[in-house]
Amino acid sequence: MFYEVDRVEPVLRFGDILEGFILTTPNLVKDPTESNCCTIDIDVPRLCVLLTPCCSVRDKIISISPLIELNPSFFLNPYFTEDLTRINREVEARYTLPPERWEKLPEQEKIRRQNVGSGYVFLDQFIYEKNEHLTSYFLNNKKLGKFETNYYMIDYRNIYKINCEKIKSMEESLLRLKKLGM
Amino acid sequence: MNICAERMHKIMDPRYLDELKEMDILRRQETGNIQFSDYKIIDYPLGKYLIKIKLTLNNEFIGVIEIGLNKNFLSHKQKLSTINHHNVEDYYLDE
């Protein structure tokens, strides 16, 4: 099972979905040595994922990444559409592309990819399984039109540090913010 | 002969002087790092081979002890790449 179902553990663990954080991102608009060189973006995502291992949840610091909407193009591949979490696992070469794109590949390229064997496709992203606690949203794609999903993902390049006085250990932390455990 | 005389006698004996020198060396050695030999053996990677070479303590060549295969043959890039990855990002651009 992707999520803890029978009982949600009363500890914060790597991968747990949490709610209620404020994220800030500095955007450099000029050389950093110049004055007024950056703007600050503030984001309040509904849900985030804990990226600190449980044993490191202490000292008033954690790392999190916001749950974000999927790339609509993922749904062009029926192998992924059946189960988006397949993106998290190694995929056979012929299933890494939509069938019509695979067929159009030069034969040499097909052979090269098949020789690599099963492999990961999107190293920067991790897909979270749909769940009743995850709100549905609509996506748009030229080929697929408008469609609904409640799969979400995180992007590992999108990690934020949070300072909080209440973060002391994986047991003594903001457990009430835990929505789903993996 | 009293003890002091006995010790004096020992010090004057050249065989005991060597023993004293070795003891001095022992005193200055770190624990677990005692070498009594006058040579050392190093592993020298040469292409796909690993050669065990005997050298003096002054790094002068004495001889080759063993030639074996260097099983650590992966290149640095290969060592870094421990997972298979299919580059498909270009086929999934958001449109």
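How many residues does each of chain B and chain A bring to the contact? Chain B puts in 12 residues and chain A 26, where contact means heavy atoms within 4.5 Å.

1. Ground rules. This is a predicted model, with local features needing pLDDT of at least 70 and side-chain atom pairs counting only at pLDDT 80 or more, while totals for chains, interfaces and linings use all residues. Residues are numbered from 1 along each chain as its sequence is written, chains are lettered from A and ligands numbered from 1 in the order written, and side-chain values use heavy atoms, leaving out hydrogens and water.

2. The interface. About 1700 Å² is buried between chain B and chain A, with carbon and sulfur atoms giving 55%; that is the accessible area (1.4 Å probe) the two parts lose on being put together, summed over both.

3. Polar links. Between chain B and chain A you'll find zero salt bridges (a side-chain nitrogen of Lys or Arg within 4 Å of a carboxyl oxygen of Asp or Glu). The structure does hold 13 salt bridges over all chains.

4. One salt bridge in chain A. A:Asp16 pairs with A:Lys178, their closest N and O atoms 3.0 Å apart. A:Asp16 sits in the segment before strand E1 (17–19) of chain A and A:Lys178 in strand E11 (residues 178–180) of chain A, so the pair ties together parts 162 residues apart in sequence. Strands here are DSSP runs of at least two residues, numbered from the N terminus.

5. Strands of chain B. Don't mix up the two E1 labels: B:Leu46 belongs to strand E1 of chain B.

Key
Helices (H or I, at least four residues) and strands (E, at least two) are DSSP runs, numbered from the N terminus.
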